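Q: I'd like a close look at one part of this model, with the details spelled out. Take me through it step by step, and tell me what surrounds it.

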Amino acid sequence: METVLSISQLTKTFGRITAVNKLDLEVKRGQVFGFLGPNGSGKTTTLGMLMGVVNPTAGNFSWFGKPVTHGTRKKIGAVLEHPIFYPYLSGQKNLELTALIKGAPHHHIAHVLEAVELTSRKDDKYKTYSLGMKQRLAIASALLNDPIVLILDEPTNGLDPMGIAEIRNIIKKIAADGKTIILASHLLDEVQKVCSHFAVLRRGTLMHCGAVDDVGKGEEIVEVAAYHDDLALVLQEFSGTLSQKKENSNYLIRLKEGFNSQDLNRFLFDKGIIAAHLLTQKKSLEKQFLEILEEPDHAIKK
Amino acid sequence: MLHLLKVDLKKLFNYRTFWIICGLYFLTLGMATASGMEFLKWLANTFKDFGSKLNIDRIPLYHFPDVWQNLTWGSGLLKLMLAIMVIISITNEYQYRTIRQNIIDGMSREQFILSKVFTNLLLSISSMVLVFFVALFTGFIYSPEISFSYMFTGAEFCLSYFLELFAFLSFALMLGILIQRSGLSIVLLFSSYLIETIIKTNIDDYFPSIVPFFPLQSIMNLVPLPFAKYAFQEIQDYVSLTAVAIALGWTFLSTISPIYD
């Protein structure tokens, strides 16, 4: 697959603070790439460097396999941090200005306004917009030039649940068109719902990079409950048990590789025990994220 | 070039402050330059002494070729209004952080600053054209006799007036970029005259030869004060090429320095 963005050894220091530390990353065409990390982990600084508004201290990156010029940025639609527009201009005029800078055709304006459902408010001044409308206008402006890549930095920050759902639908719609999207967020649920790949950043260091589908692969955790007095002992006998833990009235069994909940169920049945509760826990991104963040600094996964 | 100008004008043409300041400026410019004789008449009527000592009809304020230097010097006083507009326009970009978004959208920093420089050029050219026509018309109206042989003598003051504006607006733009706050930039623009005058008067006794090289002084030297000649004093009634060269140098520096700061 074609590489859209390739980052190597990218570093940014502010005085003694290292905001981004030797970052290596690749984003391929068509990926919806989640860029995760707690607040202040260097996500926005990284995106700022990629968009030419922050000068890297060291390292380099390339868009579309070519060295970067300001013309490159016209092929990328980006919203960093908050939406930024001229408050005294209407939504329409703001987009006209962006279109002029990007060299986007004029008829795209009506189209993107429609896509983010702002057509009815397009002639009102930007400063009268609600936060959700501002975010939507920012996405519209990022879409103006039919970009190959879309960069969204916390697009749902500060929105109410309805606004979040709206933005999420817009992102899904755009992703369905085959666009590459880089989505920085600390909302894991959001990333799990829309992203195909994700990377985790902590204090400027890349902790993990992989596919969202791979989350939850590997060892399985099964929740079991049964009306049997020595259930704990019986479960310990099962050859697939890696470890077990009691949580409320249930036992959490961590299974060895190659074993699944079916094997456990059959084992219990053979022992004459019938499970009253049997549930395979799928590892959520949130759980994995927290695990990754708890890892010590030197254990950097590739 | 035209594209960059269009980008900046798009920001300004829907900005009410721009229309108010520019409207007031061009209105004042046109009216003030054209009504000099009326002003003299008013002075003569108000102050009894004024009329008896001077016969205002003998002052060739609007006569060819004096009109060129007289009007361009007077018009130069109004350039502060434009400079304030320039400062508001550039500091807005920092206050709203739109300069950042413009760069994210694909402008380079050089292009961004050039777009502001082109607006400065447009404002300076428009002022020059307006003053040129006011001078031409008032010259036709008030000159006792018109001869093509000397009618345009001194019209080159229009060009040095243009440079005076452009150099000053470049200076204002540079202040705005370096300071990024409108109030502070405007205060500094005003006080820069004061600061320069203090330095000039202090070194005048020791190094008088470097005084013309001061930025604001070099801008003032482009169109020297003409009215002293009506009191029979010697004046400089030509455009000094040295002054032009120094002013061009400062203009170049104030345009280039924010690009590569």
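**Starting from a loop in chain A**

A: A:Val215 counts as buried because its relative accessibility is 5%. Buried here means under 20% relative accessible area, while exposed is over 50% and partly exposed lies in between, using a 1.4 Å probe and protein chains only. A quick note on the ground rules: this is a predicted model, where local features need pLDDT of at least 70, side-chain atom pairs count only at pLDDT 80 or more, totals for chains, interfaces and linings use all residues, and side-chain values use heavy atoms, with hydrogens and water left out. Residues are numbered from 1 along each chain as its sequence is written, while chains are lettered from A and ligands numbered from 1 in the order in which they are written.

Back to A:Val215, which sits in the loop between β9 (205-211) and β10 of chain A. Strands in this naming are DSSP runs of E with at least two residues, helices are runs of H or I with at least four, and both are numbered from the N terminus. Between the C-alpha atoms of A:Val215 and A:Leu255 there are 16 Å, with the two residues 40 apart along the chain.

Follow the chain out of that loop and you get to β10(A). This strand covers residues 221-226, and 5 of its 6 residues are buried, so β10(A) is largely enclosed by the rest of the structure. β10(A) pairs with β12(A), residues 250-255, in the antiparallel sense over 4 bridges; pairing here requires that DSSP finds at least two bridges between the strands. If you want to see the register, look at A:Val222 facing A:Ile253 and A:Glu223 facing A:Leu252. β10(A) also runs antiparallel to β13(A), residues 275-281, with 6 bridges joining them. There, A:Ile221 has A:Gln281 as its bridge partner.

Now for β12(A) itself. This strand is mostly covered too, with 5 of its 6 residues buried. β12(A) pairs with β11(A), residues 241-247, over 6 bridges in the antiparallel sense, and one bridge there matches A:Lys246 with A:Tyr251. β11(A) and β12(A) form a hairpin with 2 residues between the strands, and A:Asn248 in that hairpin takes a positive phi near 50 degrees. That's one to check if you're looking at backbone torsions.

Elsewhere in chain A there's another sheet. This one is open, has 3 strands in the order β2-β1-β4, and pairs antiparallel. β2 (17-28) and β4 (58-63) stand at the edges with a single partner strand each, so one side of each has no neighbour in the sheet. From one strand to the next, the twist averages 15 degrees, with angles run from 0 to 180 degrees between N-to-C directions and axes being lines fitted to C-alpha atoms, for helices over the stretch in contact. β1(A), residues 3-14, and β2(A) are joined by 8 bridges in the antiparallel sense, and A:Thr13 stands opposite A:Thr18 in that pair. Helix α1(A) packs on this sheet, touching β1, β2 and β4 of chain A, and its direction makes about 115 degrees with that of β1(A).

That helix, residues 43-50, holds A:Thr46. The residue is buried because its relative accessible area is 1%. Beyond its neighbours within four places in sequence, A:Thr46 is in contact with A:Leu10, A:Val20, A:Leu23, A:Phe35 and A:Leu201, where contact means heavy atoms within 4.5 Å.

One helix pair rounds out the picture of chain A. α2(A), residues 91-102, and α3(A), residues 108-115, have axes 10 Å apart and pack at about 125 degrees. They are therefore oblique to each other; angles under 35 degrees would be roughly parallel, over 145 roughly antiparallel, 65 to 115 roughly perpendicular, and the rest are oblique. On the α2(A) side the contact uses A:Gln92, A:Leu95, A:Glu96 and A:Ala99, and α3(A) brings A:Ile109, A:Val112 and A:Leu113. By class, that contact splits into 5 nonpolar residues, 1 polar and 1 charged. For that count, Ala, Val, Leu, Ile, Met, Phe, Trp, Tyr, Cys and Pro are nonpolar, Asp, Glu, Lys and Arg are charged, and the others, Gly among them, are polar.
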